[in-house]
Amino acid sequence: MEQLTIQELYSDLSKTLAKELLESKTYPWEVLPCIGDFIVKTGETLSEEEYEKCGDNIWIARSAKVAPTAYINGPAIIGKDAEIRHCAFIRGNALVGEGAVVGNSTELKNVILFDKVQVPHYNYVGDSILGYKSHMGAGSITSNVKSDKKLVVVKGKDQKIETGLKKFGAMLGDEVEVGCGSVLNPGTVVGSHSNIYPLSSVRGVVPANSIYKNKNEIVEKNEA
């Protein structure tokens, strides 16, 4: 399943501080258990001129804007020019990229947000990786635990991959657009430059450069 690899989903790893971590793995979900330790390791190397250490294992870029009502628990890195808005809840193990937006009442947990990612309104993003300039519409969420509590399996058209993970939300490639009110079920992988219709319930693999209308109608953008 080459389309599910880090190399295929994320064209430019320089768009995240997690470049070194991602380069060490084949599939993006393989980094999920490593995010917290990587943040602590990386945070200690950040320039004190550009980042301020605030509390236990929390590094916030001096150019970032953090609302006084936001809550940030470590380990966490908030990148340059990022915006953390009113009542955002960052639970820990969160690497927020440069210029990213974490909006009002949005919750993050064990995530990597590439640069310029936007999760601006009432989103939950857990155990997930969001690629460069990806955007989640208002109220869209990642569901990161199956209802039967079994380990998550990534299901493609002709193949299944056992992840060995109980908690696994979604992997979004570069410049993915997720419509308002959508649910990305555990183990969802959305290829780069794809769009998800509003109010969708998505599971499995959505190919790159696609429009997801419903589970039975996924079309290539150039055919839409």
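Select lysine 19 and glutamate 23 in this predicted model. They form a salt bridge, with their closest N and O atoms 2.7 Å apart. Both residues sit in helix α2, which covers residues 19–23. Four residues separate them, about one turn of the helix. Now colour by accessibility. Lysine 19 has 33% relative accessibility, so it counts as partly exposed. Glutamate 23 is partly exposed too, at 49%.

Next, select glutamate 50 and lysine 80. Here is another salt bridge, with the closest N and O atoms 3.1 Å apart. This pair links distant parts of the chain, 30 residues apart. Glutamate 50 is in the loop between α3 (35–43) and β1 (51–53). Lysine 80 is in the loop between β5 (76–78) and β6 (83–84). Glutamate 50 is partly exposed, with a relative accessible area of 36%. For lysine 80 the value is 24%, which also makes that residue partly exposed.

Move on to aspartate 127 and lysine 109. The closest N and O atoms of this salt bridge are 2.7 Å apart. Aspartate 127 belongs to strand β12 (residues 124–130), and lysine 109 to strand β10 (residues 107–113), so the bridge ties together parts that are 18 residues apart in sequence. Are these two partners buried or exposed? Aspartate 127 is buried, with a relative accessible area of just 4%. Lysine 109 is buried as well, at 14%. Both values fall under 20%, the cut-off for buried.

How many salt bridges does the count come to? The count is nine, and the three pairs toured here are among them.

Now turn to empty space. Rolling a probe the size of a water molecule over the atoms shows where such space is left.

Select Lys146, Ser147, Asp148, Val152, Val153, Lys155, Pro186, Gly187, Arg203 and Gly204 together. These residues line the largest pocket. Its volume is about 200 Å³. By class, the lining has four charged, three polar and three nonpolar residues. Lys146, Asp148, Lys155 and Arg203 are the charged residues in this lining.

Keep Lys155 and Gly204 selected, then add Gln3, Gly156, Lys157, Val205 and Pro207. Together they line the second largest pocket. This pocket holds about 160 Å³ of space. Its lining divides into three polar, two nonpolar and two charged residues. Lys155 and Gly204 appear in the linings of both pockets.

Notes:
Residues are numbered from 1 along each chain as its sequence is written. This is a predicted model: local features need pLDDT of at least 70, side-chain atom pairs count only at pLDDT 80 or more; totals for chains, interfaces and linings use all residues. Side-chain values use heavy atoms; hydrogens and water are left out. A salt bridge is a side-chain nitrogen of Lys or Arg within 4 Å of a carboxyl oxygen of Asp or Glu. Helices (H or I, at least four residues) and strands (E, at least two) are DSSP runs, numbered from the N terminus. Buried means under 20% relative accessible area, exposed over 50%, partly exposed in between (1.4 Å probe, protein chains only). On a 1 Å grid over the protein atoms alone, a cavity is a set of points where a 1.4 Å probe fits but cannot get out, and a pocket is an open set with protein on both sides within 12 Å along at least five of seven lines; lining residues have an atom within 4 Å of a point. Grid points are joined across faces, edges and corners, and a volume is the space filled by probe spheres set on the points.
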